[in-house]
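Here are a few friendly notes to read beside the model. Please keep the 3D view open as you go through them.

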Amino acid sequence: MGYTDMNEISQFEVACKYRDGKMYCSGGHLYVLEPDNSMATLAVMDDGPIRCPACDGKGYILTPAGEQLIDMIWRHTERRVTDLVHELRPEDGV
Ligand SMILES: [Zn+2]
């Protein structure tokens, strides 16, 4: 039986390492380091935490292999959902 560990996952996605001056990404949100680097505070705007521009708030970035995987899963899922809807509501057609 196989199992998925972090090494396998790292083929498909890597943690976002975005950094710009005093700002850096952690879990998809931007944090700003204090001048003395002792701590960081969550960067917020009026409508909430600022999403990281590099990973778009996700906290990870897909590798090319990851993008292929997601694309494959998406197309597979899309087909299955289409089949399922057709099965449940055949009168609606495709
Ligand atoms: Zn990020």
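The points below go from the overall layout to the sheet and then to one tryptophan.

1. What you have here is a predicted model, so please read every value below as computed from that prediction. The protein holds two helices and eight strands. Followed along the sequence, the pattern is α-β-β-β-β-β-β-β-β-α, with a helix at the start, the strands after it and a helix at the end.

2. The overall outline deserves a look before the details. The radius of gyration is 20 Å, whereas a compact globule of 94 residues would come out near 12 Å. Along the principal axes, the C-alpha trace spans about 65 × 40 × 20 Å.

3. How much of the protein counts as buried? The share is 5% of the 94 residues. As for contacts between residues at least 6 apart in sequence, 48% of them join residues at least 24 apart.

4. The domain assignment splits the protein into domain 1, residues 13-61, and domain 2, residues 63-94. Taken over C-alpha atoms, the centres of domain 1 and domain 2 are separated by 33 Å.

5. Now to the sheet. Four strands make an open sheet, ordered S2-S3-S4-S5, and their pairing is antiparallel. The edges are taken by strand S2 (19-20) and strand S5 (40-42); each has a single partner strand, so one side of each is left without a neighbour in the sheet. As general background, strands of a sheet pair through backbone hydrogen bonds, in either a parallel or an antiparallel way.

6. Start at the S2 edge. S2 is joined to strand S3 (residues 23-26) by two bridges, and the two run antiparallel. One pair to find in your viewer is Asp20 with its bridge partner Met23 in S3. The two strands, S2 and S3, form a hairpin with two residues between them, and Gly21 in the turn has a positive phi of about 60°.

7. Next comes S3 with strand S4 (residues 29-33), an antiparallel pair joined by four bridges. Met23 turns up again here, this time with Val32 in S4 as its bridge partner. Tyr24 has Tyr31 of S4 as its bridge partner. This hairpin of S3 and S4 also has two residues between its strands, and Gly27 in the turn shows a positive phi of about 65°.

8. On the other side of the pattern, S4 and S5 run antiparallel and are joined by three bridges. Among the residues involved, Leu33 has Ala40 in S5 as its bridge partner. Six residues lie between the strands in the hairpin of S4 and S5, where Asn37 takes a positive phi near 60°.

9. Finally, a word on Trp74, which sits in helix H2 (residues 64-88). Is Trp74 buried or exposed? Trp74 counts as exposed because it has 10 C-beta neighbours inside 10 Å, and the cut-off for exposed is 12 or fewer. For a sense of distance, compare Trp74 with Pro35: the two are 39 residues apart in sequence, and their C-alpha atoms are 44 Å apart in space.

Key. Residues are numbered from 1 along each chain as its sequence is written. This is a predicted model: local features need pLDDT of at least 70, side-chain atom pairs count only at pLDDT 80 or more; totals for chains, interfaces and linings use all residues. The radius of gyration is taken over C-alpha atoms; the globule rule is 2.2 Å times the number of residues to the power 0.38. A residue is buried if 20 or more other C-beta atoms lie within 10 Å of its own, exposed if 12 or fewer, and partly exposed in between; C-beta atoms are placed from the backbone. Two residues are in contact if their C-beta atoms, placed from the backbone, lie within 7 Å. Domain bounds come from an automatic or database domain assignment. Two strands pair if DSSP finds at least two bridges between them.
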